[in-house]
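Below is a short briefing on one protein model with a bound ligand. Please keep the structure open while you read.

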Amino acid sequence: EKVLMNNSLINRDEASFSFDDRSMYFGDGVYEVIRVYSGYPYKLEMHLQRLQRSAEELDITYSNSQKQSLKSAIQELLSENELVEDGFVYIQVSRGAAVRDHLYERNIEPISFAFTKEMAIPEQTQDEGAVVYLSEDIRWLRCDIKTVNLLGNIMAKRQAADHDCEEAILHRGETVTEGSSSNIFIVKDGHLQTHPADNLILNGITRRVVIDFAEEQGLSVNYTPFTIDEALEADEAFITSTINEVTPIREWRGTRHGTTNIGPITKQLQNMMREDIA
Ligand code: PDD
C-alpha cells in the first residue's frame, strides 16, 4: 500500500515523520477528508480549496502549485492503491518541523502526507437515523479552520459513544452549532435551517452540496442559529458530512431528550446526494 509524503508516492511502511513536527507538539496543521465513490474523489477541488484556506488562515505557506500537484498526486495514489470501491482520502499539512518553540518561523517547509482507506457508505444509519448526544461546545472560536487540533471534538465524540450515541451535537449555551464531525440542519414547516458559516462552525462541503440541492428543489434555507428547543421541536433534523453524507437524527440524549421522525425532506436530499454520486 502506498501513501503520499510531500506529494510523492512511497510505501506505507517507509513513511516516517520528524520528531520535531509541529503538528505533534502544537496540533499545528490542517487536514481534509475526501470521499471516494467507486474510485473517484467527490468534490476534490472544493476540499483542496478549503485545505488551502485553512492553511492560509493559520499563516502556513500553501501555494496554488502545491495544491495542483497534490491534486494529481491524489489521483495517482488512488490508482496505485487500486481503490476502486468506496472509501476516503485523508490529507494532512503540517506547518513543518522545528525545535519546539511556540513562536513559529515563516521559513520552515510545510510537510504533507495522505493515505487512502476503503470504507462502505453507512446505509443502515442513513436509513434508520442516528441517536445523537447534546453536549456543550467547548471548542475555540475559529472552528471554521479545519485544524488537527480536535480535542473538543474527540472528547464530545467519546462522551456520545459512552451514551450509545453515534454523534455529539454541540451547543454554545442554548445555540446549536454543529456536530463533532458533521454539520446539522433542521426542517420546520418545509424550511431548512442551519447555523451560518461563521467562525463557530466548519463550513462543510456536504453542507454546501445539500444547500445547493435544496435550492434546486425550491426549498428555502434560513441561516439563523437555532436553539436546542427548536431542534427538538423541529419536523425533521439531519446531519451532513463527507463520511456520513445525509443522516437523519431520530433520537436526542444528553442536555435534553427527545425523538424526531425521519421525514420526506431529509429523504429527498439523501436521494439527491445518492443520484449525484452515482
Ligand atoms: N469532518 N464539522 C466538523 C467539526 C467536521 O469535522 C466535519 C467533517 C464537518 C463536515 O464537513 P464536510 O461535509 O466537509 O465533511 C463539519 C471530517 C469528515 C472528519 O474530521 O473526519
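Gln124 is exposed, because its relative accessibility of 56% is over the 50% cut-off. The residue belongs to helix 4, which spans residues 123-128. Its C-alpha atom is 9.7 Å from that of Thr247, although 123 residues separate the two in sequence. The model is predicted, and every value here is computed from it.

**Ligand site**

- The ligand sits in the largest pocket.
- Four elements each give two or more residues to the shell around the ligand: strand 3 (29-37), strand 9 (175-179), helix 6 (205-216) and strand 13 (236-241).
- The ligand is surrounded by 19 residues.
- Tyr31, Glu178, Ile205, Thr206 and Thr242 are the closest of them.
- By class, the shell holds 4 nonpolar, 11 polar and 4 charged residues.

**Polar atoms facing the ligand**

- Thr206 places a polar side-chain atom 2.6 Å from a ligand oxygen.
- Ile205 takes part through its backbone: one of its polar backbone atoms is 2.8 Å from an oxygen atom of the ligand.
- Lys146 has a side-chain N or O atom 3.2 Å from a nitrogen atom of the ligand.
- How much of the ligand's accessible area does the protein cover? The ligand has 470 Å² on its own, and the protein covers 89% of that.

**Side-chain polar contacts within the protein**

- Asn183 lies in strand 10.
- Its relative accessibility is 4%, so Asn183 counts as buried.
- The Asn183 side chain makes a polar contact of 3.3 Å with the side chain of Glu178.
- Glu178 is also one of the residues closest to the ligand.
- Asp28 occupies the loop between helix 1 (22-26) and strand 3.
- Asp28 is buried, because its relative accessibility is 8% and the cut-off for buried is under 20%.
- The side chains of Asp28 and Arg22 are joined by a polar contact of 2.7 Å.

**Positive phi outside glycine**

- Asp59 is not a glycine, yet its phi is positive, at about 65°.
- The loop between helix 2 (44-57) and helix 3 (64-80) holds Asp59.
- Is Asp59 buried, exposed or partly exposed? Asp59 is partly exposed, because its relative accessible area is 30%.
- Asp189 also has a positive phi, near 50°, and is a residue other than glycine.
- Asp189 is placed in the loop between strand 10 (183-188) and strand 11 (191-194).
- With a relative accessible area of 62%, Asp189 is exposed.

**Buried strand residues and C-alpha separations**

- Val3 is part of strand 1, residues 2-5.
- Its relative accessible area is 5%, so Val3 is buried.
- Val3 and Phe113 are 110 residues apart along the chain, and their C-alpha atoms are separated by 7.2 Å.
- Ile111 is placed in strand 6, which runs over residues 111-118.
- Ile111 counts as buried, because its relative accessibility is 15% and the limit is 20%.
- From Ile111 to Val246 the C-alpha separation is 33 Å, with their positions 135 residues apart along the chain.
- Leu192 is found in strand 11.
- Is Leu192 buried or exposed? Leu192 counts as buried, because its relative accessibility is 1%.
- Leu192 and Phe213 are 21 residues apart in sequence, and their C-alpha atoms are 12 Å apart in space.

Note on methods. Residues are numbered from 1 along each chain as its sequence is written. This is a predicted model: local features need pLDDT of at least 70, side-chain atom pairs count only at pLDDT 80 or more; totals for chains, interfaces and linings use all residues. Side-chain values use heavy atoms; hydrogens and water are left out. A residue is near a molecule or strand if one of its heavy atoms lies within 4 Å of it. A polar contact is a pair of N or O atoms within 3.5 Å; within protein, one must be able to donate a hydrogen and the other to accept it, and residues adjacent in sequence count only if both atoms are side-chain atoms. Accessible areas come from the Shrake-Rupley method with a 1.4 Å probe; for residues, only the protein chains shown count as cover. On a 1 Å grid over the protein atoms alone, a cavity is a set of points where a 1.4 Å probe fits but cannot get out, and a pocket is an open set with protein on both sides within 12 Å along at least five of seven lines; lining residues have an atom within 4 Å of a point. A molecule sits in a cavity or pocket if more than half of its atoms lie within 2 Å of its grid points. Ala, Val, Leu, Ile, Met, Phe, Trp, Tyr, Cys and Pro count as nonpolar, Asp, Glu, Lys and Arg as charged, and the others, Gly among them, as polar. Buried means under 20% relative accessible area, exposed over 50%, partly exposed in between (1.4 Å probe, protein chains only).
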